[in-house]
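I opened my notebook to look through a structure piece by piece. Here is what I looked up, in the order I went.

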Amino acid sequence: MAKQSSNTNLHRAKNNKKDEFYTQLSDIENELRHYKAHFKDKVVYCNCDDPRVSNFFHYFSYNFEHLGLKKLIATCYKNQDADLFSTNESEQAVYLEYTGDNNGNSVPDANEIGVKPLKGDGDFRSAESIELLKQADIVVTNPPFSLFREYVAQLIEYDKKFIIVGHQNAITYKDIFKLIKENKLWLGYGFKGGAGHFINTQYENYATASDKRDGMIRVSGVVWFTNLDIDKRHEDLILHIKYNPEEYPTYDNYNAINVDKTKDIPHDYAGHIGVPITFLDKYNPEQFEIIGQMATTKIDEFNYGYPYVNGNKIYARILIKHKKL
Ligand SMILES: C[S@@+](CC[C@H](N)C(=O)[O-])C[C@H]1O[C@@H](n2cnc3c(N)ncnc32)[C@H](O)[C@@H]1O
């Protein structure tokens, strides 16, 4: 029994540690350059961001004037010593507010950033953080993956725009998938090669030798989720292949044809089509409608269970339909 509970504690500690990795400035710049038009006169909130290490805070404070922001807010979860701004004596978590450069040097100086105490620990779910959330127009961060469902549910509840980092596994979560299907959330431009290197000082680097970088952890399958409009969402996928029943078998357990590669979607098939989850990277809602998914063993309103072809279980699929046929 004692062994079991210490294992549970270890597991919990490991899970918490897994949330402690930080996004590189270059990855933030690569994604956010596609959203510049959205930031003018907006209040941006980074609600999982210790400004000592958060490149989100860095990006928005240094690009404040360039983006034409109105205000930048960051909450510093469980952080009592925002020592970047020399207030280490406080026992409380703090939040920061920046309303732009006052002295004309175009740099966010310490005396231009308001560091204010919170009563609690800065949890994004706390009443204090929610009050800050209400002021915000756009939330931008890399939140703890372990709380991703709750995190997104809160953004939707408060009707916020967002650009956040998450894992592609979240796509098939019932609530997240429903938002994708309803066009309330979609994928951003993404990380090079579908994997990101994150700044990490706390646990071992799992990257293979060829992809190892000091002080970094490689996480594959990371994506950006957003509900802000971006150009790629309006670009049609160019398709060349004609449907033929030999190459596109139908599932045993759902009336849709199977497609293994997004580029092989037949341009002339009017029924339901099962495509790999990576299709979402190319999804244009003017071209296709999302019907449901065949992923996981749990069947629900829009999930029909793993797909089978001739008795063989295959990878998870998203079910789509051409809109213009
Ligand atoms: C994946 S890290 C990313 C940190 C930072 N946003 C970045 O991208 O560099 C997630 C952060 O969320 C913080 N965090 C964990 N639980 C939280 C909570 N309940 N409320 C707010 N922040 C939380 C963690 O301390 C961690 O720093």
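My entries below go from the whole chain to single residues.

**Entry 1: how far to trust it**

I started by noting that this is a predicted model. I looked up the confidence and found an average pLDDT of 89 for the protein chain, with 86% of the residues scoring at least 70. Then I looked for weak stretches. Residues 1–10 keep a pLDDT under 50, and the model gives them zero contacts beyond four places in sequence. Residues 205–209 also stay under 50, but for them the model has seven contacts beyond four places in sequence. I reminded myself that predicted coordinates should not be read in detail where pLDDT is low.

**Entry 2: the whole chain**

Next I looked up the secondary structure, and the protein chain has seven helices and 16 strands. Its length is 325 residues, of which 31% are buried. I also checked the contacts with a separation of 6 or more: 65% of them are between residues 24 or more positions apart.

**Entry 3: the sheet of eight strands**

In what order do the strands of the eight-stranded open sheet lie? I read it off as β4-β3-β2-β1-β5-β6-β10-β7, and the pairing is mixed. The edges are β4 (113–117) and β7 (186–187); each has a single partner strand, so one side of each has no neighbour in the sheet.

I then picked one pair from this sheet to look at. Strand β6 (residues 161–167) and strand β10 (residues 222–226) run antiparallel and are joined by five bridges. I followed one residue across: His167 has Val222 in β10 as its bridge partner.

**Entry 4: the sheet of four strands**

I found another open sheet, this one with four strands in the order β11-β12-β16-β13 and with mixed pairing. Here β11 (257–258) and β13 are at the edges with a single partner strand each, so each has one side without a neighbour in the sheet.

Is β13 enclosed or left open by the rest of the structure? I checked its burial: five of the seven residues of β13 (residues 288–294) are buried, so the strand is largely enclosed by the rest of the structure. I wrote this beside the note on edges, where β13 has a single partner strand.

That partner is β16 (residues 317–322), which pairs with β13 in the antiparallel sense over six bridges. In this pair, Met294 stands opposite Arg317. Strand β12 (residues 273–275) is also antiparallel to β16, through three bridges, and there Gly274 stands opposite Leu319.

**Entry 5: helix α3**

I wanted to know how many residues of helix α3 (residues 55–62) are buried. The count is six of eight, so the helix is largely enclosed by the rest of the structure. The buried ones are Asn55, Phe56, Phe57, Tyr59, Phe60 and Ser61. I listed what they pack against: the helices α2 (25–32) and α4 (64–67), and the strands β1 (43–46), β2 (71–76), β3 (94–98) and β5 (138–141).

**Entry 6: around the ligand**

Which residues come nearest to the ligand? There are 20 residues around it, and Tyr22, Thr23, Cys48, Tyr77 and Asn142 come nearest. I sorted the shell by type and got nine nonpolar, six polar and five charged residues.

**Entry 7: His34, far along the chain from its contacts**

I found His34 in the loop between α2 and β1. With 17 other C-beta atoms within 10 Å, His34 is partly exposed. Leaving out residues up to four places away in sequence, His34 touches Tyr189, Ile230 and Asp231. I also looked up Lys232: 198 residues separate it from His34 along the chain, yet their C-alpha atoms are 9.5 Å apart.

**Entry 8: two positive phi angles**

Before this entry I noted the background: most residues other than glycine have a negative phi. Asp41 has a positive phi of about 65°, although it is not a glycine. Asp41 sits in the loop between α2 and β1, and it counts as exposed with 10 C-beta neighbours inside 10 Å.

Ser106 is another non-glycine with a positive phi, of about 60°. I placed Ser106 in the loop between β3 and β4. Is Ser106 buried or exposed? Ser106 has 12 other C-beta atoms within 10 Å, so I wrote it down as exposed.

Key
Residues are numbered from 1 along each chain as its sequence is written. This is a predicted model: local features need pLDDT of at least 70, side-chain atom pairs count only at pLDDT 80 or more; totals for chains, interfaces and linings use all residues. A residue is near a molecule or strand if its C-beta atom, placed from the backbone, lies within 6 Å of it. Ala, Val, Leu, Ile, Met, Phe, Trp, Tyr, Cys and Pro count as nonpolar, Asp, Glu, Lys and Arg as charged, and the others, Gly among them, as polar. A residue is buried if 20 or more other C-beta atoms lie within 10 Å of its own, exposed if 12 or fewer, and partly exposed in between; C-beta atoms are placed from the backbone. Two residues are in contact if their C-beta atoms, placed from the backbone, lie within 7 Å. Two strands pair if DSSP finds at least two bridges between them. pLDDT is the predictor's confidence in each residue, from 0 to 100.
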